[in-house]
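Here are my comments on the model you sent, set out as numbered points. Please read them with the sequence and the structure open beside you.

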Amino acid sequence: MITGELKNRIDGLWDVFAAGGLVNPLDVIEQVTYLMFIHDLDDTDNMRAKEAVMLGLPHKSIFADKVKVGDREIDGNQLKWSTFHDFPAGKMYATVQEWVFPFIKNLHDNKNGAYSKYMDDAIFKIPTPLLLDKVVTIIDDIYAQMAQIKDSDIRGDVYEYLLSKIAQSGLNGQFRTPRHIIRMMVELMDPSADEVICDPACGTSGFLVAAGDYLKEKRKEEIFYNRQKKAHYMSEMFHGYDMDRTMLRIGAMNMMTHGVDNPYIEYRDSLSDQNADKDKYSLILANPPFKGSLDYDTVSPDLLKVCKTKKTELLFLALMLRMLRTGGRCAVIVPDGVLFGSSGAHKAIRKAIVDDNRLEAVISMPSGVFKPYAGVSTGILIFTKTGHGGTDKVWFYDMQADGFSLDDKRNEVKENDIPDIIARFHNRDAENDRARTDKSFFVPRDEIVQNDYDLSINKYKKTEYKPVEYAPSAEIMAELHELEMEISKGLAELEELL
């Protein structure tokens, strides 16, 4: 969460845009995103050059030699943020408008790539050199502030704070998933180098970025020293869909800045007939919108066959079962109502996951996890598509703390169940003998079936009542009389002093 000086800088940036005549929140966010991407291109290019030197690998800067922009050839160094940010306002404006912006719009020759697709209709809208000069200065200050905050999450927080400026943000369930929760889900799923990963409601691509970063950390040599696997990582591993083109632009640029050259990020209504994906993905990571209600005629008929409902949170679960290949795995955030809802559609989707596939785990999260954007109680479902059942027992975990206070401030605290969740999940063989009073335990499938496929942890968790011994009533009354006498004595002494 953005606080202090960084928050003030971003608020100041917003005020500068308003004073300069750009007041549409979406326009402001797009222009800031482009400029941040231009800044990141410079930083990323420098970082890759250093990595290449360390690894003894060849590297050619995207700014190397002459760069062709339209019919002209320009010294690539002139297009770097670290160069043009020192130009006078007029020269900076001309450079960005005439050279830098066309350059980033045509970075990739592949016009079907995610980056090119969502930059083709991008427009440079900053109206004056003075406004650009002020904005560039503030963005430099913001990056300096971010560098002081030792948190890899910080840029995602900056994006989210920018998005919170839009009055409509969050009305359709579109609030940002906290990055430590995303990271936990990625660690639980432990993706391999051969995965085909999808988020059907990707937003700014937070899950895809986290999965990519995890693979870089854990499988770096396996992926990046193998030409075929590196090509898979760069162009075929990551898939994301969303209905908000602004989010798709941010998501595509976010992925590219994190080193994924060509993610497959598409404008698509995942729940409609335009999404024909079936038996395709080995891993789905998602936090789909769960405040929406759709008309039946806008929903793909095969999803309605699984559960006839207008609720997006149930339809997305049916969609994920369809999109996964056999053996494919899913970790998805759902509102608590999905776990215990009594409607026919609620029961039907839970039954499909438990009876026809293999439900691995249900992790109950406290309601403060999504504050200050929402106070809804949620859980994480982890399941594997089998098509023929396989649920024997389900692992439940009652998360009570995630390392941050559960109020709107979300300050960092010591209490944090996440490391324990990851450790226990990956060593579930040691969980068999845990009592229902513990934070985690197994529940047999038959018991879940007997309870109408209820997956709420409170249905199975037992509360341990510890007897408390109190003193006899006569002893308590004697103590009260003694206190009364002391009070009376004190009052008498006070009256004498008066």
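1. The model is a predicted one, and I begin with a short piece of sheet. Strand β1, which spans residues 66-69, has two unlike faces: V67 and V69 lie on the covered one, whereas K66 and K68 lie on the uncovered one. Its partner is strand β2 (residues 72-75), which runs antiparallel to β1 and is joined to it by four bridges; within this pairing, K66 has D75 as its bridge partner. The two strands make up a hairpin with two residues between them, and in the turn G70 takes a positive phi of about 65°.

2. For the chain as a whole, the secondary structure amounts to 19 helices and 13 strands. Of its 498 residues, 51% are buried. When contacts between residues at least 6 apart in sequence are considered, 71% of them join residues that are at least 24 apart.

3. The cysteines deserve a comment, given that a search of the whole structure finds zero disulfides. C198 is in no disulfide, and the nearest cysteine sulfur, which belongs to C202, lies 8.2 Å away. For C330, the closest cysteine sulfur is that of C198 at 9.8 Å, and this is too far for a bond because a disulfide needs the two sulfur atoms within 2.5 Å. Both sites are enclosed by protein: C198 is buried with a relative accessible area of 0%, and C330 likewise counts as buried at 0% relative accessibility.

4. The largest nonpolar core has 53 residues, among which F17 and L132 touch the most other members. The elements that give two or more residues to this core are mostly helical, namely α1 (4-19), α2 (25-55), α3 (81-84), α4 (89-105), α6 (129-148), α7 (154-163) and α12 (245-257), together with strand β1. If neighbours within four places in sequence are left aside, L132 is in contact with L35, M92, Y93, V96, F124 and I126. There is also a second, separate core of 47 residues, which includes M185, M234, M237 and I422. As a general point, nonpolar side chains in soluble globular proteins tend to be buried together.

5. How many cavities of 30 Å³ or more does a search of the whole structure find? The search finds one, and the volume of this largest cavity is about 40 Å³. I10, L13, V32, M36, I139, I142, V158 and L162 line the cavity, with α1, α2, α6 and α7 each supplying at least two residues of the lining. These four helices are also among the elements that give two or more residues to the largest nonpolar core.

6. F207 is worth inspecting for the company it keeps. This residue is found in helix α9 (residues 206-218) and is buried, with a relative accessible area of 4%. Its C-alpha atom is separated by 8.5 Å from that of R179, although the two residues are 28 apart along the chain. Apart from neighbours within four places in sequence, F207 is in contact with T177, I182, M185, V186, D199, L285, A286, N287 and I333; of these, M185 is also a member of the second core.

7. T391 offers a comparable case in a loop, since it lies between β9 (378-384) and β10 (393-398). Despite that setting, T391 is buried, with a relative accessible area of 9%. The C-alpha atoms of T391 and L359 are 5.6 Å apart, while 32 residues separate them along the chain. Leaving aside neighbours within four places in sequence, the contacts of T391 are with I353, V354, N357, R358, L359 and R445.

8. Two backbone angles should be checked by eye, since most residues other than glycine have a negative phi. D279, which is not a glycine, has a positive phi of about 55°, and it is found in the loop between β5 (264-267) and β6 (281-286). R410, also a residue other than glycine, has a positive phi near 50°, and it lies in the loop between β11 (402-404) and β12 (412-416). Are these two residues buried or exposed? D279 counts as partly exposed at 42% relative accessibility, whereas R410 counts as buried at 9%.

Key:
Residues numbered from 1 in each chain as written. Predicted model: local features only at pLDDT ≥ 70, side-chain atom pairs only at ≥ 80, totals over all residues. Heavy atoms only, no water. Buried < 20%, exposed > 50% of the residue type's maximum accessible area, 1.4 Å probe, protein only. Pairing = 2+ DSSP bridges. Core = buried A, V, L, I, M, F, W, Y, C linked by side-chain atoms within 4.5 Å. Contact = heavy atoms within 4.5 Å. 1 Å grid on protein atoms, 1.4 Å probe; cavity = no way out; pocket = protein on both sides within 12 Å on 5 of 7 lines; lining within 4 Å. Points joined across faces, edges and corners; volume = space filled by probe spheres on them.
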